[in-house]
Amino acid sequence: MTNTDIDRLHGLMGLMTGDEKHSPAATSTLDALWVLYDRVLRVTPETVERADRDRFLLSKGHGPMAYYAVLAAKGFFPEELLAGFGSYDSPLGHHPDRTRVPGAEIGSGSLGHGLPLAVGSALGLGARGITEARVWVLIGDAELDEGSNHEALAYAGPAGLERLHTVVIDNGSATYGWPGGIASRFEAAGWSAETVDGRDHEALYAAFTAPHPGRPRVVVARVEPKNA
């Protein structure tokens, strides 16, 4: 991310106001989201309806300001919509609605749903014979307190869901933990796993694009709580 990119994205986020912004939840995801949409995801406003597009699922749906800013910066919807964030007639709610937000694959905000939905999406693509498309899901570390995520990750590893990629934003907000950290929980279930600095764009890009034949991939993006 260049300084111009930083200034632009923060400027776009600054257009969204109100008491329900959940700013820390948004800013903790900004770097990972930008690297994904700018350099990794194979989806654009022009290809968003194509069957072979990459799918990105935002499970960490509370505080979606960074998500909206990135989608606007990439042309999925006009930047002018950002100023109406959270208002009665705005498509940009405090939790994304896939029926109203161009580019959004799921409605999210109820924690613990995104990873199971991503597993189902990967299975569905395979059943349809769509081999090019990849599924990405971004979750928060506190979502791993939800049992639904553990059922999903326990299934995905042995199933060899190579199309499935998970980004865990770790800002130290989870109630529980594991010896060796979050990545160890996924590794125990057969995932390819790596932990990186969640603000380091080159480290994020390298981790996002690392090969992981025959296994799902998780990247744990560590973000200091004070900056989250």
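1. Helices (H or I, at least four residues) and strands (E, at least two) are DSSP runs, numbered from the N terminus. With that in hand, Ala203 can be placed in helix α8. Ala203 counts as partly exposed because its relative accessibility is 22%; the bands are under 20% relative accessible area for buried, over 50% for exposed, and partly exposed in between (1.4 Å probe, protein chains only). Ala203 and Ala221 are 18 residues apart along the chain, and 9.5 Å separates their C-alpha atoms.

2. A word on the model: it is predicted, so local features need pLDDT of at least 70 and side-chain atom pairs count only at pLDDT 80 or more, while totals for chains, interfaces and linings use all residues. Residues are numbered from 1 along each chain as its sequence is written, and side-chain values use heavy atoms, with hydrogens and water left out.

3. Now to the interior. A nonpolar core is a set of buried Ala, Val, Leu, Ile, Met, Phe, Trp, Tyr and Cys residues joined through side-chain atoms within 4.5 Å. The largest one here has 45 residues, and those with the most contacts inside it are Tyr37, Phe56, Tyr67, Tyr68, Phe77 and Phe208. Elements that each supply at least two residues of this core include α1 (3-14), α3 (30-40), β1 (55-58) and α8 (201-208). The most comes from α4, which gives nine residues. A second, separate core of 27 residues includes Ile130, Ala152, Ile182 and Val218.

4. Tyr68 is worth a look of its own. Beyond its neighbours within four places in sequence, Tyr68 is in contact (heavy atoms within 4.5 Å) with residues including Met16, Phe77, Leu82, Phe85 and Val101.

5. Next, α3 and β1. In α3, nine of the eleven residues are buried, among them Trp34, Leu36 and Tyr37. In a regular strand the side chains alternate between the two faces of the sheet. In β1, Arg55 and Leu57 point one way and Phe56 and Leu58 the other, and all are buried. The strands β1 and β2 run parallel and are joined by four bridges; two strands pair if DSSP finds at least two bridges between them. Phe56 has Trp136 in β2 as its bridge partner.

6. What empty space is left? On a 1 Å grid over the protein atoms alone, a cavity is a set of points where a 1.4 Å probe fits but cannot get out, and a pocket is an open set with protein on both sides within 12 Å along at least five of seven lines; lining residues have an atom within 4 Å of a point. Grid points are joined across faces, edges and corners, and a volume is the space filled by probe spheres set on the points. The largest pocket has a volume of about 160 Å³, and its lining includes Pro45, Arg53, Phe76 and Glu105.

7. How many cavities of 30 Å³ or more does a search of the whole structure find? There are two. The largest holds about 50 Å³ and is lined by residues including Tyr37, Arg55, Phe56 and Glu105. The second largest has a volume of about 30 Å³, with Phe56, Tyr67 and Glu105 among its lining residues. The largest share of that second lining, three residues, comes from β1.
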